[in-house]
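Here's a short set of exercises to work through with the model open in your viewer. Try each task before reading its solution.

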Amino acid sequence: MRGGILFCGAAVLALSNAHAARAQEGAGAPDSVEAADDAIIVTAQRRSQSLQDVPVTVTVFGAEEIEQARIQQVSDVVTRTPGLSFDAFPASQPRLAVRGIGSSDKGAAGDPSAAVFLDEIYLGRPAAVAFDAFDVERIEVLKGPQGTLFGRNVVGGAINVVTKRPELGGFDAAAEFTYGNYDRLDGAGFINLPFGGGGGAIRVSGAYRSHGGYVYNPVIDRRVDDQDTLSGRFQFLAEPTDNLRVHFTLDGTRDRATGPAKYIFDVDPDDPLSAAYTVDRDPKRTYGSFAGYQDRDTIGVRGEIAWDLSFATLSFLGSFRDLDYGTRYDFDGSNPTRSLVDISGGEDERSELSSEEVRLSSLPGSGIDWVVGFYRYRQKTIRSDIFNLDSEFVAPIPLTDIYDQDARLDSIAVFGDATIPLGDKFSIIGGVRYSRDDKTYRVTNMRGMVPLRGDEFFDVTTQKSWDDVTYRGGLNFKPNDDHLLYAMVSRGFKSGGFQDTPASAIDAATAFDPETAVQYEIGQKSRFFDGRLIWNNTLYWLDYKNLQTRQSQPDGSIITNNAGKATIKGFETQLTARLTGGLNLSAAYAYTDARFDEFDDEGIDRSGNRISRTPKHKLTLSPSYTAALGGSTELTVAVDYQYESLIYDDNSNEGPEIRPATHFVDARVVLAGIGDRWTLSLWGKNLTNERTRTHQTLFLGANFGTYNPPRTYGATLGWRY
């Protein structure tokens, strides 16, 4: 991204104190946060509804929880959400998995199985997921196939980040400052300015996040895995008439970091190269030959126009995003004085993402809730995948292998969805969507010195199209205002693609097939004791076909194949209790049994194996206590505990690519309402200093990987106008 247009509002140090009420976890996708009756309002079905009335499983984080628990990026959302996991290597390219459905494909012609949306805009590249949760209304995690209403089709689920819109009612502003260990220094703020006698408003938000390196490298005498991120957002909202709304957003992020710090966790005794490595599992030190870098610049514009007609609302939503991304890393985390094999690499990517959506939806209060629309998404990605190998075991000189990729995607869809009441207590839900993806792809390894990850030099251009019909249908039963029972079947689709590092011209020209998932779900949502206790439960069964799995080849290349079939079944429960005397408790648990029914892994039958990156058990507990200290001053003490059972990082389910069970504890003490305008928060994350492997892969005789961040703590001082 060019420095001259870094983004609007960069001078305003970011993040609002966003004091909307805390959102619980349940089933729905949010858009307004909290109604007058203390109900959470969501838009999982592209209209505003109470969370307890929506027949979809969703985890929702409200503005207050986002602020106080320091939920700032996608990894913070993952650790707090049962049924959600992720892999990130490097950390600037997160890859999500929802209920066992995910993808580790970063290639230019691949797609995510679980996606991120920013204000309904699809972020189709892993590196484009660069949101900072400043001035955010809420974050919602939609679980299961999103094949009817949400932008581009996804088979697993979606994270939808909903930012705070300009407020027409009056002036508002907030700011905060944070200092913590590892030289943590954050600043954030927003200002809301109405104009035109209440007919319009602008909102400018910004955030600066920085900390020193978590890991020391004695080879180069410096720390790595640091952060230097600047984000900003400018919004314009106008309502020139009672039935016309215009909303425009410009946002941008500049991200700079060293690392990632890499480690040699284990060696493969069956590989002759294993003798070349020195195992190193000390999370405080890394021994790479250079610091590495992770640079990302992204800027996006979004425009929305909504016009209320006599019978419906006509809406247009358009967007454009530019991504400029580059990374270099020491892959083995070692150097020639410790290991006889030196592996490094990186990626360079330039992507342009654009979308347009036109939809017609029923007016609030209509007898039948319905929506129909047309969606188009286009993506252009130019990407280079660079691999360097320096080892006398292989050649007397260092060797470089480069794959250059140029992918173009044009996707269109038409959709419709309706909820039809059948009396006072029953309603039926039905929706359908037709999608078509056209992909053109060129890949070449001609710039490399030798085809290290393949058999030959080649330059291949190919193209293919895929289409599919997805749907959802179900039945709601609402015996009274406090209880909802529902049954739903939904189908998601992810188009096919092409190899990012193929071994040959034939592999480069051969596409892998689309994958599909059909989910059968029954759920219950209940409020007890006038809403002081909320308990939601979900049972689901997923038929997952033609899974796109990544498999390492003996020559070092990585091939995406279709694995056959899998069955994923699970149970999720969430409880929110507002107890007496200021004591509150939130608890959530997910059981996920995700296994292959059919999987031929290069001649090895992996049927019955668990799907990688999917814990069987995940539990979160968040007790809190709030005490009134007089006037508007309140003291809140809160603890967040997260447990995750063992994870296999490879579909082989064999060591050493295994993550043991983990326990994470965060805590905070918040003194709010000081002088009506000030808030002081003392916080700590990963207080037990749990260190676990966040990514690992067995490659060329050793198991290489990364660790999660160490214990961090600090203080945040906030001010609100």
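**Exercise 1.** Is Phe 265 buried or exposed?

*Solution.* A quick reminder first: this is a predicted model.
- Start with the location: Phe 265 sits in strand E20, which covers residues 263-267.
- Next comes the accessibility. The relative accessible area of Phe 265 is 0%, so the residue is buried, the cut-off being under 20%.
- Now look at what surrounds it. Leaving out residues up to four places away in sequence, Phe 265 touches, among others, Val 279, Asp 280 and Arg 281. The list of contacts also includes Arg 693, His 695, Gln 696 and the run Asn 703, Phe 704, Gly 705, Thr 706 and Tyr 707.
- For a sense of distance, take Gly 83: its C-alpha atom is separated from that of Phe 265 by 27 Å, with the two positions 182 residues apart along the chain.

**Exercise 2.** Find Ser 361 and work out which residues it touches, not counting those up to four places away in sequence.

*Solution.*
- Ser 361 belongs to strand E23, residues 341-362.
- Its relative accessible area is 14%, so Ser 361 counts as buried.
- The residues it touches are Ala 312, Thr 313, Trp 370 and Val 371.

**Exercise 3.** Take three salt bridges, and for each one say where the partners sit and how accessible they are.

*Solution.* The whole structure holds 55 salt bridges, so there's plenty to pick from.
- Arg 209 pairs with Asp 132, the closest N and O atoms being 2.9 Å apart. Arg 209 is in strand E15 (200-211), while Asp 132 is in the loop between strands E10 (121-123) and E11 (136-143), so the bridge links distant parts of the chain, 77 residues apart. Both Arg 209 and Asp 132 are buried.
- Arg 447 pairs with Asp 404, with 2.7 Å between the closest N and O atoms. Here Arg 447 is in the loop between strands E26 (426-444) and E27 (459-480), and Asp 404 is in strand E25 (399-422), 43 residues apart. Arg 447 has 52% relative accessibility and therefore counts as exposed, whereas Asp 404, at 17%, is buried.
- Arg 668 and Asp 640 meet at 2.7 Å, N to O. This pair joins strand E41 (662-674), home of Arg 668, to strand E38 (634-644), home of Asp 640, 28 residues apart. Arg 668 and Asp 640 are both buried.
- Some bridges share partners: Glu 120, Arg 165, Arg 302, Glu 304, Glu 357 and Arg 359 are joined into one network that way.

**Exercise 4.** Zoom out: why does the radius of gyration agree with that of a compact globule?

*Solution.*
- A compact globule of 721 residues would come out near 27 Å, and the protein has 25 Å, which is why the two agree.
- The C-alpha trace spans about 75 × 55 × 50 Å along its principal axes.
- Of the 721 residues, 60% are buried.
- Among contacts with a separation of 6 or more, 68% come from residues 24 or more positions apart.
- As for secondary structure, the protein has three helices and 45 strands.
- The accessible surface is about 26,600 Å², with 57% of it belonging to carbon and sulfur atoms.
- Finally, the charges: there are 74 positive and 98 negative ones, and their mean positions are 2 Å apart.

How values were computed
Residues numbered from 1 in each chain as written. Predicted model: local features only at pLDDT ≥ 70, side-chain atom pairs only at ≥ 80, totals over all residues. Heavy atoms only, no water. Helix = DSSP H or I, 4+ residues; strand = E, 2+ residues; numbered from the N terminus. Rg over C-alpha atoms; globule rule 2.2 N^0.38 Å. Buried < 20%, exposed > 50% of the residue type's maximum accessible area, 1.4 Å probe, protein only. Contact = heavy atoms within 4.5 Å. Areas by Shrake-Rupley, 256 points an atom, 1.4 Å probe, with all protein chains shown as cover. Lys, Arg positive; Asp, Glu negative; His and termini not counted. Charge placed at Lys NZ, Arg CZ, Asp CG, Glu CD. Salt bridge = Lys/Arg side-chain N within 4 Å of Asp/Glu carboxyl O.
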